[in-house]
Amino acid sequence: MSDYAIRKVVIVGGGTAGWMAAAALSNWLPKRSMEIDLIESDEIGTVGVGEATIPPLLQFNDMLGVNEDEFLAAAKGTFKLGIEFVDWGAIGERYFHPFGSHGADINSVLFHHFYLRERSQRSMPDIREWSMSAVAAGLGRFARPGAGARLPLSQLVYAFHFDAGLYARFLRRYAEARGVRRTEGKIVHVAQESESGHVQSVTLADGRTIAGELFIDCSGFRGLLIEDTLGTGYEDWTRWLPCDRAAAVPCALPGPPDPFTRSTARAAGWQWRIPLQHRMGNGLVYSSAHQEREDAETLLLANLENEPLAPPRHLSFTAGRRKLAWNANVVSLGLSTGFIEPLESTSIHLVQSGIMKLMALFPDRRFNPAERDEYNRQVQDVFEDVRDFIVLHYKATRRDDSDFWNYCRTMDIPDKLASKLELWRSKGRLFRDGQELFGPASWVAVLLGQGVVPEEQDPMVATVDPATAAETLDKMHLSYRRLAEQMPAHSEFIARACPATSGG
Ligand SMILES: Cc1cc2nc3c(=O)[nH]c(=O)nc-3n(C[C@H](O)[C@H](O)[C@H](O)COP(=O)(O)OP(=O)(O)OC[C@H]3O[C@@H](n4cnc5c(N)ncnc54)[C@H](O)[C@@H]3O)c2cc1C
């Protein structure tokens with residue numbers, strides 16, 4: 001261990017971000033050489049939402065050595081194969097954004113080019129029929145591919161829905177078993193070194209003081225250290241992402257849980273539907289400039305499939321990101337770093353991605369600015385990439401039934417997104433830039449799903465004989481359907497592999 005190694009990490013906040021950070025660091029940092037304290041306040045509580053995830057979470061579980069069935073049983077989780085979007089392109093339309101690819105590329109040319117050529121010549125089913133995940137989701141089926149799975153089962157890609165509170169509890173047990181010390185109490189004062197401005201310690205309402213060398217700010221929207229103490233600043237993206245409020249309410253399940261999230265566009269935002277083992281999570285995300293809180297609540301309650309199990313909870317947020325995710329000796333994670341609204345369930349992933357980057361650039365007590373700058377650059381990139389993909393959903397609409405949709409349809413968009421759309425519109429070309437989270441298959445699903453069709457074909461399709469391509473597509477289509485029909489129902493799979501074990 002170097003003379004400058006960090007000896008004490010203090011995590012402020014015990015929501016999903018705080019406990020994910022505690023679990024990952026306690027598993028990773030050499031034992032006994034570093035202490036980890038986590039402080040959370042029962043009085044303040046957590047945001048309590050955040051129940052749909054994306055596939056990279058499997059890697060986080062692997063890193064922790066978590067058994068997937070035990071984790072799902074503890075968090076009353078279900079499997080998620082993608083998101084069904086209703087009424088986004090136009091009222092009455094629906095499409096599926098699946099995890100994983102559509103079909104398979106032919107001669108290194110992306111699959112969607114052949115699909116588009118076929119579609120221009122004969123009547124074709126929706127592109128979701130070429131996604132293993134989407135076909136299984138449509139039939140309410142699930143099977144776990146497992147290591148060494150062969151095509152097309154290996155193309156089934158999944159994530160999870162879970163109860164956020166139970167997930168945090170699960171991670172807390174994991175982290176405490178690995179030496180993380182939890183302190184309950186409300187932080188009322190933060191002490192800084194006079195010269196560097198580095199945070200030295202935090203003081204709780206009962207007078208206890210906890211000192212540290214590296215502070216991880218997981219205190220939620222407020223950003224207790226990164227903003228209140230360090231005044232880092234926030235980049236506001238409301239002009240591209242006008243939703244700034246949410247109302248969330250659980251209801252009883254109307255039937256067996258579906259293996260997908262549903263997002264239904266409404267007049268001033270959209271409504272989520274997240275099936276867990278024991279309840280349905282619902283919420284309306286909306287723009288306060290276009291809808292009153294009371295109207296939002298009425299709309300949400302009117303669109304539940306069952307009686308609510310609790311009164312609706314209201315939340316406010318501003319889409320955007322902290323100008324520096326890492327400032328001085330404070331690294332922010334979770335909502336204190338920023339929030340891009342939950343349309344593609346990316347927030348928990350952004351926590352995971354921040355943790356992985358922090359581990360790759362872990363500082364010592366000299367806090368090399370080059371490491372911090374690189375961290376901030378990478379976090380900025382990933383936030384902006386996700387932002388652009390979410391903005392696409394609002395921009396690529398033909399809806400003109402409300403002021404909200406008229407605004408979204410006609411708004412200016414970030415330059416990088418505009419260039420990407422231009423490339424797509426001309427010949428259907430898409431490229432994954434650097435570490436972008438959402439690859440071409442995701443963009444194709446949303447673009448075609450919302451009715452944005454390229455004007456011409458990519459000349460590269462001419463490298464494959466049309467009859468051969470057509471036959472390949474038909475075979476693929478059949479193989480997905482046949483396999484999905486053999487899979488167990490999603491609810492049967494859960495009942496066998498990971499039925500809920502915990503209370504709550
Ligand atoms: C409407 C909505 C829907 C969402 N849906 C999804 C989704 O489907 N998928 C997804 O990935 N993400 C989603 N998210 C985001 C997700 O909820 C968060 O990313 C995740 O819960 C992490 O939150 P957090 O831990 O950063 O903050 P919080 O849960 O707010 O936790 C903050 C912690 O800091 C503590 N704290 C704060 N101040 C003090 C203080 N003074 N002293 C001591 N402790 C303090 C609190 O007690 C708490 O423990 C959603 C968010 C919203 C708003």
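Which residue in β20 does Ile216 stand opposite? In this predicted model, the partner of Ile216 in β20 is Val331. The views below begin with the surroundings of that pair.

**View 1. Strand β11 and its parallel neighbours.** Strand β11 covers residues 214-217. With strand β20 (residues 330-332), β11 pairs in the parallel sense over 3 bridges. Strand β1 (residues 8-12) also runs parallel to β11 and is joined to β11 by 4 bridges. Within the pairing of β1 and β11, Phe215 is the bridge partner of Val10.

**View 2. Side chains of strand β11.** In a regular strand, side chains alternate between the two faces of the sheet. In β11, Leu214 and Ile216 point one way, whereas Phe215 and Asp217 point the other way. All four of these residues, Asp217 included, are buried.

**View 3. The open sheet of 7 strands.** The strand order is β5-β4-β14-β15-β16-β13-β17, and the pairing is mixed. Strands β5 (94-98) and β17 (313-316) form the edges, each pairing on one side only. On average, neighbouring strands of this sheet are turned by 20 degrees against each other, direction ignored.

**View 4. The β13 and β16 pair with helix α8.** Strand β13 (residues 245-251) and strand β16 (residues 280-286) are antiparallel and pair over 7 bridges. Arg245 stands opposite Tyr286 of β16. Helix α8 (residues 293-302) lies across β13, β14 (261-266), β15 (269-275), β16 and β17. The helix runs at about 145 degrees to β16.

**View 5. The ligand and its surroundings.** There are 33 residues around the ligand, of which Gly14, Ala52, Ile187, Leu335 and Ile348 come nearest. A backbone N or O atom of Gly14 is placed 2.8 Å from a ligand oxygen atom. For Val49, a backbone N or O atom lies 3.0 Å from an oxygen atom of the ligand. The corresponding distance from a backbone N or O atom of Gly15 to an oxygen atom of the ligand is 3.5 Å.

**View 6. Cysteines without a disulfide.** The count of disulfides in the model is 0. Why is the sulfur of Cys243 not bonded to the closest cysteine sulfur? The closest cysteine sulfur, in Cys408, is 7.0 Å from that of Cys243 and therefore too far for a bond, the cut-off for a disulfide being sulfur atoms within 2.5 Å. Cys243 is buried, with a relative accessible area of 1%. Cys218 also counts as buried, because its relative accessibility is 7% and the limit for a buried residue is under 20%.

Terms used: Residues numbered from 1 in each chain as written. Predicted model: local features only at pLDDT ≥ 70, side-chain atom pairs only at ≥ 80, totals over all residues. Heavy atoms only, no water. Pairing = 2+ DSSP bridges. Helix = DSSP H or I, 4+ residues; strand = E, 2+ residues; numbered from the N terminus. Axes fitted to C-alpha atoms, helices over the stretch in contact; angles between N-to-C directions. Contact = heavy atoms within 4.5 Å. Buried < 20%, exposed > 50% of the residue type's maximum accessible area, 1.4 Å probe, protein only. Near = heavy atom within 4 Å. Polar contact = N/O pair within 3.5 Å; in protein donor to acceptor, adjacent residues only side chain to side chain.
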